[in-house]
Amino acid sequence: MRRRFLLAAVLGLVAAGPAQAQDAHQTAHPATPQVGGQAPGYYRLFVGRFEVTALLDGTHPFPSDKVAVGASVDEVTGALKAAFLPLRYEGMINAFLVNMDRRLVLIDAGAGNLYGTEGGGLKRAIIAAGYTPEDVDDVFITHLHEDHAGGLVLDGKPLFANAVVHVARKEAAFWLDSRNQASVNDLLKPFFPAVQKVVAPYQKADRLALFDEGAALLPGLTPIAAPGHTPGHSVYLLQDAGQSMLFWGDTVHIAPVQFPHPEVSIRYDWNVPIAVASRRMLLDRAAAGGWLVAGAHISFPGIGHIRAEGKGRYEWLPVNYTLNRDHP
Ligand SMILES: [Zn+2]
């Protein structure tokens with residue numbers, strides 16, 4: 001009601017009040033319209049000498065009530081309400097660029113066109129951050145889901161003209177073989193043709209590289225197998241000068257629910273018990289190590305620390321904003 005009144009007032013539809021009150025609010029120019037939108041989605045910080053840029057591909061209303069496994073709709077609603085969030089709060093699609101001196105590395109590629117208009121902002125964010133997609137030397141994919149690999153192709157063209165795309169061998173073997181489609185739930189079946197299509201041009205150009213568990217990727221960047229969400233879901237640990245950042249892909253989707261209750265999973269998980277075990281393992285290691293964590297689906301920039309609260313519960317502590325390079 002109040003909003004409607006204010007809008008009417010802006011449009012001049014409400015009868016003017018006493019002359020004195022009206023004068024007090026008059027300006028020399030017409031009312032400035034609201035602009036809307038946000039700043040380009042990038043955020044920068046350093047891990048040792050490595051420059052990390054968080055990139056926002058897009059946001060979309062996340063159907064947490066429909067996809068949570070191991071928590072009732074009431075429990076999910078309650079946890080979100082306590083966090084001042086509606087049930088269909090905006091989910092993030094984050095990706096991360098790491099400038100490692102000699103190589104420009106992208107970790108995950110966003111959704112590209114595969115999420116309709118809700119993704120596809122990655123290219124804009126890369127350019128706003130001072131780089132171009134052609135600058136990227138390596139793309140490391142945490143897993144071959146649409147919102148992590150979809151952005152390898154944008155508007156029908158491979159976006160990263162000079163990059164090698166790295167995927168865990170187990171992950172590629174699963175999603176690039178359509179015979180496995182029969183083994184997954186209906187939510188996951190469309191992922192097979194979608195990801196095969198975006199990976200194909202890189203495969204054809206001999207720019208798809210498969211790595212084995214525990215492989216040495218680049219000095220300072222180590223993969224950790226964290227299966228469950230997908231068979232070959234892999235996370236990446238960046239380390240330099242005593243600092244560590246874990247790029248953990250889809251370890252947490254619904255932050256207000258899964259940090260205090262890591263046993264809650266989502267229907268997009270390939271194997272729920274294995275996903276829960278991997279989540280607990282990563283939460284434990286990140287909390288114990290004091291590591292920074294970079295999450296694909298945590299509120300932008302999706303970077304923070306984990307605090308162990310005891311009894312298998314955890315808390316998410318977002319990073320403090322800084323304009324200074326040497327911020328710890
Ligand atoms: Zn995801």
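A pocket, in the sense used here, is an open set of grid points with protein on both sides within 12 Å along at least five of seven lines. The structure is a predicted model, and its largest pocket has a volume of about 830 Å³. The lining of this pocket comprises 37 residues, of which Tyr42, Tyr43, Arg44, Phe300 and Tyr321 lie closest to the centre.

Several elements of secondary structure contribute to this lining. At least two residues each come from the strands β1 (42-47), β2 (50-61) and β13 (243-247) and from the helix α5 (122-128). Which of the elements gives the most to the lining of the largest pocket? That element is β1, with six residues. Sorted by class, the residues lining the largest pocket are 18 nonpolar, 15 polar and four charged.

The reader may next turn to the zinc ion. Its protein donors belong to Asp147 (OD), His148 (NE2), Asp250 (OD, listed twice) and His297 (NE2), and they lie 2.1 to 2.7 Å from the ion. Along the sequence, the donor residues follow the spacing D-H-x101-D-x46-H. Two of them show how distant parts of the chain are linked at the ion: His148 belongs to helix α6 (residues 146-149), whereas His297 belongs to the loop between β15 (292-294) and β16 (303-310), and 149 residues separate the pair. Are these two histidines, His148 and His297, buried or exposed? Both His148 and His297 are buried.

A cavity must be distinguished from a pocket, since in a cavity a 1.4 Å probe fits but cannot get out. The structure holds three cavities of 30 Å³ or more, and the largest cavity contains about 60 Å³ of space. The residues lining the largest cavity are Ala226, Pro227, His229, His233, Asp250, Thr251, Asp269, Ala275, Ser278, Arg279 and Leu282. Asp250 thus appears in two settings: it lines the largest cavity, and it is also a donor residue of the zinc ion. By class, the lining of the largest cavity has four nonpolar, four polar and three charged residues.

A final residue to locate is Lys157, which is found in strand β8 (residues 157-158). Why is Lys157 classed as exposed? The relative accessible area of Lys157 is 60%, and the term exposed applies to values over 50%; therefore Lys157 is counted as exposed. Between Lys157 and Gly41 there is a separation of 116 residues along the chain, and their C-alpha atoms are 22 Å apart.

Terms used: Residues are numbered from 1 along each chain as its sequence is written. This is a predicted model: local features need pLDDT of at least 70, side-chain atom pairs count only at pLDDT 80 or more; totals for chains, interfaces and linings use all residues. Side-chain values use heavy atoms; hydrogens and water are left out. On a 1 Å grid over the protein atoms alone, a cavity is a set of points where a 1.4 Å probe fits but cannot get out, and a pocket is an open set with protein on both sides within 12 Å along at least five of seven lines; lining residues have an atom within 4 Å of a point. Grid points are joined across faces, edges and corners, and a volume is the space filled by probe spheres set on the points. Helices (H or I, at least four residues) and strands (E, at least two) are DSSP runs, numbered from the N terminus. Ala, Val, Leu, Ile, Met, Phe, Trp, Tyr, Cys and Pro count as nonpolar, Asp, Glu, Lys and Arg as charged, and the others, Gly among them, as polar. Donors are N, O and S atoms within 2.8 Å of the metal (3.2 Å for Na, K and Ca); water is not among the atoms, so sites may look incomplete. Buried means under 20% relative accessible area, exposed over 50%, partly exposed in between (1.4 Å probe, protein chains only).
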